[in-house]
Amino acid sequence: MKKFMKVATIMMAMGTIGSTLAGCSASAKSEGNDPGKTIKIGVNMELSGSAGAYGQAEKQGIALAAQEINKAGGIKVGNTKKKIQMIYRDNKTSSSESSSVAAQLVNNDKVQAVVGPATTNAGTAAIPNITKAKVAAISPSASDYSYTLQKDGKVQPYVFRTEYQNNFQGKVVSNFMSKNLKTKRVVIMADKSTDYGTGLAKEFKKDYPGTIVKTVYFQAGDKDFNATLTSIKSKNYDAIFAPGYYSEVGLIVKQARQMGITKPIVGTDGMADPKLTQIAGNSNATNVYYTTPFSTTAAASDKKASAFIKAFKAKYHEDAPTFSALGYDTVYMVKKAIETQKSANSVQIAKGMAKIKDFHGVSGTITIDKKHNPQKTIAIEQLTNGKVAKAFTVK
């Protein structure tokens with residue numbers, strides 16, 4: 001009996017030691033997603049739906065960056081190099097679909113980083129799933145001020161962006177209209193169906209030193225703006241501020257010009273797409289201005305930006321749009337984060353993203369601030385007969 005008790009005691013002790021070691025092994029497992037033979041980068045993008053043109057443009061820039069990186073041997077992770085594997089998924093410009101895509105990328109595909117979504121609404125919907133999995137998501141173009149912040153004002157630990165936020169755009173446009181265009185009285189036509197449009201209208205009103213004559217709103221998908229334009233045509237104003245996407249603002253420009261309204265129409269980066277001119281018509285797209293993080297005119301004097309423009313033209317046989325430049329920079333920022341941390345673990349990538357300073361991208365020199373926003377220059381392009389006639393750079 002004593003012998004049995006002694007053996008039992010030894011077995012129990014060994015079991016306890018085994019459990020302890022197993023517990024240590026489990027706790028030693030790194031948080032987040034680790035890479036395998038390749039570094040997986042998920043792309044949660046608006047490849048269809050109302051913002052599909054933005055997503056498709058960003059995908060082009062993303063794919064070009066990935067191709068270049070892999071051609072050069074991949075990303076240096078410590079003493080080794082790993083190639084990247086891009087996994088593209090369409091969120092269809094839907095918040096619910098974006099949330100589902102995020103879950104699939106971080107939980108099923110086990111990606112180490114996510115690029116996208118392009119819009120604030122879709123990006124916000126993805127935050128709970130990427131945060132729970134501890135995988136950084138970097139949006140090339142989400143611009144709402146609160147996008148990278150939690151409700152209590154603290155920064156979202158796994159949320160970053162390559163695009164400047166709306167409060168900065170609103171202030172820049174306000175100053176440009178009052179100082180460069182010498183406007184004193186402005187009409188606002190804003191998209192009320194998105195945080196983008198309402199947020200920019202709010203920021204512009206806060207900063208504009210002149211008089212807001214009238215504010216009118218439209219919704220995504222609207223086609224006929226004649227009644228609204230007729231209601232403001234006879235009013236005393238110097239310009240129209242139209243924060244919205246190219247799909248609606250292009251029609252506003254077209255119908256305003258057809259109605260005889262020749263005053264400046266000024267907007268933001270949602271207009272920075274060649275489809276704006278396609279919708280408005282070349283002759284109508286005159287005396288039109290918009291902010292953009294990437295201007296081919298302004299970028300012509302920068303070697304890195306010029307090389308990107310040339311490579312993009314060679315691959316896609318078209319000029320590089322703004323959103324392609326943002327997608328391109330975003331992938332290279334992920335590369336920089338991995339190299340900084342010497343690790344492609346998803347938690348480490350987030351830490352590396354927060355440390356980015358003086359990163360020379362094609363859309364400008366980028367430093368990520370404590371709220372995970374990029375500090376960078378902004379440009380304003382002027383369209384004349386559908387072509388960029390002039391570019392203004394604002395620091």
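Biologist: Let me start with a single residue: where does A142 lie?

Modeller: A142 sits in the loop between strands β6 (137-139) and β7 (159-161). Such labels come from DSSP runs, numbered from the N terminus: helices are H or I runs of at least four residues, and strands are E runs of at least two. Before we go on, remember that this is a predicted model, in which local features need pLDDT of at least 70 and side-chain atom pairs count only at pLDDT 80 or more, while totals for chains, interfaces and linings use all residues. Residues are numbered from 1 along each chain as its sequence is written, and side-chain values use heavy atoms, with hydrogens and water left out.

Biologist: Is A142 buried or exposed?

Modeller: We go by relative accessible area, found with a 1.4 Å probe on protein chains only: under 20% is buried, over 50% is exposed, and in between is partly exposed. A142 counts as buried because its relative accessibility is 0%.

Biologist: And which residues does A142 touch?

Modeller: A contact means heavy atoms within 4.5 Å. Not counting residues up to four places away in sequence, A142 touches A118, T119, T120, Y147, R161 and E163. You can also look at the backbone: the C-alpha atoms of A142 and G123 are 7.1 Å apart, although 19 residues separate them along the chain.

Biologist: T119 is on that list. Where is T119 found?

Modeller: T119 is in the loop between β5 (113-115) and α4 (120-133). T119 is buried because its relative accessible area is 9%. Leaving aside neighbours within four places in sequence, T119 is in contact with E46, A51, A142 and Y245.

Biologist: Let me try a residue in a helix. What surrounds I338?

Modeller: I338 belongs to helix α12 (residues 322-341), and I338 counts as buried because its relative accessibility is 0%. Beyond its neighbours within four places in sequence, I338 contacts I39, I75, K76, V77, S343, A344 and I349. The C-alpha atoms of I338 and G352 are separated by 6.4 Å, with these positions 14 residues apart along the chain.

Biologist: Now back to a loop: which residues does Y237 touch?

Modeller: Y237 is in the loop between α7 (226-233) and β10 (239-241). Outside the four places on either side in sequence, Y237 touches R185, V187, V213, I232, I261 and K263. Y237 counts as buried because its relative accessibility is 2%. The C-alpha atoms of Y237 and V186 lie 5.3 Å apart, yet the two residues are 51 residues apart along the chain.

Biologist: Let's zoom out. How is the protein divided into domains?

Modeller: Domain bounds come from an automatic or database domain assignment. Here we have domain 1 (39-164 + 299-376) and domain 2 (167-292). Their C-alpha centres lie 29 Å apart, and 15 residues of domain 1 are in contact with 17 residues of domain 2.

Biologist: How do I read empty space in a model?

Modeller: On a 1 Å grid over the protein atoms alone, a cavity is a set of points where a 1.4 Å probe fits but cannot get out; a pocket is an open set with protein on both sides within 12 Å along at least five of seven lines, and lining residues have an atom within 4 Å of a point. Points are joined across faces, edges and corners, and the volume is the space filled by probe spheres set on them. The count comes to one cavity of 30 Å³ or more.

Biologist: What lines the largest cavity?

Modeller: Its volume is about 120 Å³. The cavity has 13 lining residues, and A118, S141, Y196, Y245 and F323 lie nearest its centre. You have met A118 as a contact of A142 and Y245 as a contact of T119. At least three lining residues come from each of domain 1 and domain 2.

Biologist: And how much space lies in the largest pocket?

Modeller: About 750 Å³. It is lined by 28 residues, with D273, P274, D319, A320 and P321 the closest to its centre. Elements giving two or more residues to this lining are α2 (52-71), α9 (275-280), β16 (378-384) and β17 (387-394). Each of domain 1 and domain 2 supplies at least three residues to this lining too.

Biologist: How do the residues of that lining divide by type?

Modeller: Ala, Val, Leu, Ile, Met, Phe, Trp, Tyr, Cys and Pro count as nonpolar, Asp, Glu, Lys and Arg as charged, and the others, Gly among them, as polar. The lining of the largest pocket has 13 nonpolar, nine polar and six charged residues. For the largest cavity, the split is six nonpolar, five polar and two charged.
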